[in-house]
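Please look over the structure shown here, with attention to its pockets and to the way its helices pack. A short report is given beneath it.

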Amino acid sequence: MTMGIKNTRHGSTPGFARSVLAVAACGAIALGLAGCGGGDGDNDSAAAVGVNDAALKFDATKYTTINVTIDGTKVPVRWYPEVCYVAKPTEMAATQTSLGQTIAISNTKCGYQSMNIFVPESVASDQKTALYFAVNNGGWMSSYVKASVKDGATFDSSASNVGAALKAGYVYIDVATRSRNVVGADGKYPGKSPSVVVDAKAAVRYLRLNDSLMPGSARRIVVNGTSGGGGLSSILGSSGNSADYNSYLAEAGAAGIDASGKSTLADDVLAINAYCPITDLGNADILYEWMFNVLGTRATVSQNPNPTGSAELMAKFADYQKSLNLKTSAGAALTADNMLDEVKAEVTRSAEIYMASGKTIPNLGEVMTYTSQGQTGQYTNDWLTVDNAAGKVLSLDMAKYLKFVVTQAKLKNAPSFDQSGMAITASSGESSLFGTAAQVYSNFTDYGWTHNDTAGDGTGMDDTRQTWAQFLSASTLVSTQLKLVNPMNYIGSASKTAPYWYVRHGSRDRDTAFVVSVNLARALKADAEVSDLNYRLAWDQPHAGNYDVPEAMAWIAKTLKDADAKGL
Ligand code: DHB
């Protein structure tokens, strides 16, 4: 097993942070607490043991061996099925609806708070290999426990991140979480924010607690997620060890929470591999409307069903952007005035990296063929002039580029994220992530709250007769829920940010504004805890993930080497 004091920037912080260090170093089950006295005085008593830790002991014998074929070679894998990572799982209804489909679930007891753990036989006694921690909450939906590795499956490691992770000798873990659509056995909605983050943290804590009993190292957790999962990866990677989640962790029966509600384990992670993160939810509508109206894109393509709302949201962008206090890649203040140039520089960089890899981009006047939202289409390039031989972008027309993006994938109606309760929208945004467990949804932005026109849904000014400001001052529920899912609130704060980040956002993704990932990247860049940020708009990619398996896996391998060299 590999333990030892990890180097966190909490070193100088009294209390909680030092407890984390002391117990992370000596609190694993196999060691017990013998010899763990002394230290800084905060953890000298047995009270520093999580109240649920004994119940959450990993049973290393509970596996079945399955066989998969990776690149033509048979690979035996130990499968630990449906390991429940909390002591107080939420009992769920046996019938659930996800993305319009009704499914019957068999594990009502813990199927949304379990992990399927896959250990390549070759690393069964390796205490150092990485844990590839896959979150599966697409759409910010709950994810019922899933098995990405099945007996008899065949993988091509150049295309499948699952096959590549197993081939590299990492432990592959499918992590289930509650989230916005799940229905409890009591008919309520137990997946409201922050439960999805709490569950992911509880899974991390389970791995930390049982590190000595499990193959691999819980100090080498690499989180992988796409879209909603990219958003979850980002908050998990930025809010490490934050006490903000402790009360929720206690309620879920997570590992490493003592009788007084304090944390006795760390839940920070080593590396994040996130695709198209749907994040900064409380501001995502503002960023979206700015991005697709600042050059008149919505009007140009006649996708502007709510022009007044778009304009109202867009008008909030400058103040919000300023409040983030971010810098451009060149070090100037990143504001509404230079954001378009910043995005343009990222699109240019993406194209040039693509050409440098030996690939060719259709030139001005040539046809771009693409696949988007399951359809293949063609677009005559009217926005980009390149010199493929020199690998250079010669000119890029941002207005025409944005028009291309929303032609190949139609924009969401405004507001795009806090959509529920408005006749104007398709009601498929994220409002159901917020509110009480008894509510189907709650509006979570000023705009959504104020413009909700569905009488009787219990949210919005129409039903409550409260303005957004009055609502926020009367109840901290929604503002707290927003904070706890948003990495922008944690990056650069006292929580622990993962040191390694690989973030991709497709250059023709219309699901969230490019500004969202640009801001995330600039915030990460400014965080002294981040030692490597590998961010890019992925050339010619739509809203998707894991399309660059060899590159991402090479980055993970390099990251693990670097972490080793640094003693992380
Ligand atoms: C996803 C897509 C969205 O457009 C969104 O708002 C949230 C999540 C997804 O694909 O996971």
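The report below takes up the largest pocket and then two helix pairs.

This is a predicted model. The largest pocket holds about 460 Å³ of space, and its lining is made up of 26 residues, with Arg178, Pro190, Lys192, Ser195 and Glu251 lying nearest the centre. Two or more lining residues come from each of helix H3 (195–209), helix H5 (246–252) and helix H15 (477–484). By class, the lining of the largest pocket has 9 nonpolar, 10 polar and 7 charged residues.

Two packed helices are described by the angle between their axes and the distance between the axes. The table gives these values for both pairs.

| Helix pair | Angle | Distance between axes |
|---|---|---|
| H3 and H4 (residues 228–238) | about 60° | 10 Å |
| H6 (residues 281–291) and H8 (residues 307–314) | about 110° | 8 Å |

With an angle of about 60° between them, H3 is oblique to H4, and the crossing of H3 and H4 is right-handed. On the H3 side the contact involves Val196, Val197, Ala200, Lys201 and Val204, which meet Leu232, Ile235 and Leu236 of H4; by class, this contact of H3 with H4 comprises 7 nonpolar residues, no polar residues and 1 charged residue.

For the other pair, the angle of about 110° makes H6 roughly perpendicular to H8. Here Asp285, Ile286, Glu289 and Trp290 of H6 are in contact with Ser310, Leu313 and Met314 of H8, and the residues of this contact fall into 4 nonpolar, 1 polar and 2 charged.

Note on methods
Residues are numbered from 1 along each chain as its sequence is written. This is a predicted model: local features need pLDDT of at least 70, side-chain atom pairs count only at pLDDT 80 or more; totals for chains, interfaces and linings use all residues. Side-chain values use heavy atoms; hydrogens and water are left out. On a 1 Å grid over the protein atoms alone, a cavity is a set of points where a 1.4 Å probe fits but cannot get out, and a pocket is an open set with protein on both sides within 12 Å along at least five of seven lines; lining residues have an atom within 4 Å of a point. Grid points are joined across faces, edges and corners, and a volume is the space filled by probe spheres set on the points. Helices (H or I, at least four residues) and strands (E, at least two) are DSSP runs, numbered from the N terminus. Ala, Val, Leu, Ile, Met, Phe, Trp, Tyr, Cys and Pro count as nonpolar, Asp, Glu, Lys and Arg as charged, and the others, Gly among them, as polar. Axes are lines fitted to C-alpha atoms, for helices over the stretch in contact, and angles run from 0 to 180 degrees between N-to-C directions. Angles under 35 degrees count as roughly parallel, over 145 as roughly antiparallel, 65 to 115 as roughly perpendicular and the rest as oblique. A crossing is left-handed if the near helix is turned anticlockwise from the far one by less than a right angle, and right-handed if clockwise. Contact means heavy atoms within 4.5 Å.
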